[in-house]
Amino acid sequence: MVVSENMLKWAMRFYPPLFFQRIWVIKFDKGFTGVHVKISKSFLNVNYNRTIFGGTIFSASDPFFALLFDQILQRRGLKCRVWLRSAEIRYLKPGATNLYFTISLSEEQIKEAETILVTEGKFVKAYPMNIFSSEGLLCATVINEVYIRNLYKGEEQTIAY
C-alpha cells in the first residue's frame, strides 16, 4: 500500500508494538529515503539497571529498512515482497537516556536493489545502523539483512515487514 510520509509516520507512532515500547518515529524523509526514530526511556521499557531494555532497542531497529524499500520500490512500479531476513545487534553502552537513530538510503543503494530485482528477481543485502544516546554516545550497532523479491505470478501483495 502506497501512503504518504506523514500518514505512515502517524501509523507507526501508534502501532502497538512500537507505541508501548516508546519507539517514536520523528519523521520519514521525503520520498522515503530515510527515517528518524527516537526511543524514549520510560517505566514501560526499563530493565533492572534502569536503562532501556535491550529488546526495545532491537525492536526499534526491526521494521524500518523494509518499510523504506517497500515504499520506494512501489513508487517505482515494482511489486515486491519485502521483509527483514535477519538482524544482529551489539550493545556497546547501556541506554541510560533517550536513544536516537537515523537511517538513510542513497540513490545508489536504491538503484542497486532495483537493478538486481529487475535482472535476478531477488535482492538480499545487510545494512548497518548506529543507535546513539541523547549525549551522542554510540550505544548499539545493528546489522539488518533485508530480503526483497518480486511477487510470483498471481500472488497477492500484502504488507509484510
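Let me begin with C80, which has a relative accessibility of 4% and therefore counts as buried, and I should say at once that what we are looking at is a predicted model. Another cysteine, C139, has a relative accessible area of 3% and is buried as well. As for disulfides, a search through the whole structure turns up 0 of them.

Staying with buried positions, L84 sits in strand 3, which covers residues 80-91. Its relative accessibility is 17%, and because the cut-off for buried is under 20%, L84 is counted as buried. If we follow L84 across to Y127, the two are separated by 43 residues in sequence, while their C-alpha atoms lie 11 Å apart in space.

Now to a charged residue, D70, which belongs to helix 4, the helix that runs over residues 64-75. Which side chain of opposite charge is nearest to D70, and how far away is it? That side chain is R75, at 7.5 Å, and D70, although buried, has no salt bridge. What D70 does have is a polar contact of 2.8 Å, made between its side chain and that of Q74.

Finally, let me turn to the surface, where F20, F43 and L44 make up a nonpolar patch of about 380 Å². Of these residues, F20 is found in the loop that connects helix 2, residues 16-19, with strand 1, residues 23-28. Is F20 buried or exposed? With a relative accessible area of 51%, F20 lies over the 50% cut-off, and so it is classed as exposed.

Key:
Residues are numbered from 1 along each chain as its sequence is written. This is a predicted model: local features need pLDDT of at least 70, side-chain atom pairs count only at pLDDT 80 or more; totals for chains, interfaces and linings use all residues. Side-chain values use heavy atoms; hydrogens and water are left out. Helices (H or I, at least four residues) and strands (E, at least two) are DSSP runs, numbered from the N terminus. Buried means under 20% relative accessible area, exposed over 50%, partly exposed in between (1.4 Å probe, protein chains only). Lys and Arg count as positive and Asp and Glu as negative; His and the chain ends are not counted. A salt bridge is a side-chain nitrogen of Lys or Arg within 4 Å of a carboxyl oxygen of Asp or Glu. A polar contact is a pair of N or O atoms within 3.5 Å; within protein, one must be able to donate a hydrogen and the other to accept it, and residues adjacent in sequence count only if both atoms are side-chain atoms. Patches are made of residues with over 30% relative accessible area and no salt bridge: like charges are joined within 9 Å, nonpolar side chains (Val, Leu, Ile, Met, Phe, Trp, Tyr) within 5 Å. Accessible areas come from the Shrake-Rupley method with a 1.4 Å probe; for residues, only the protein chains shown count as cover. A disulfide is a pair of cysteine sulfur atoms within 2.5 Å.
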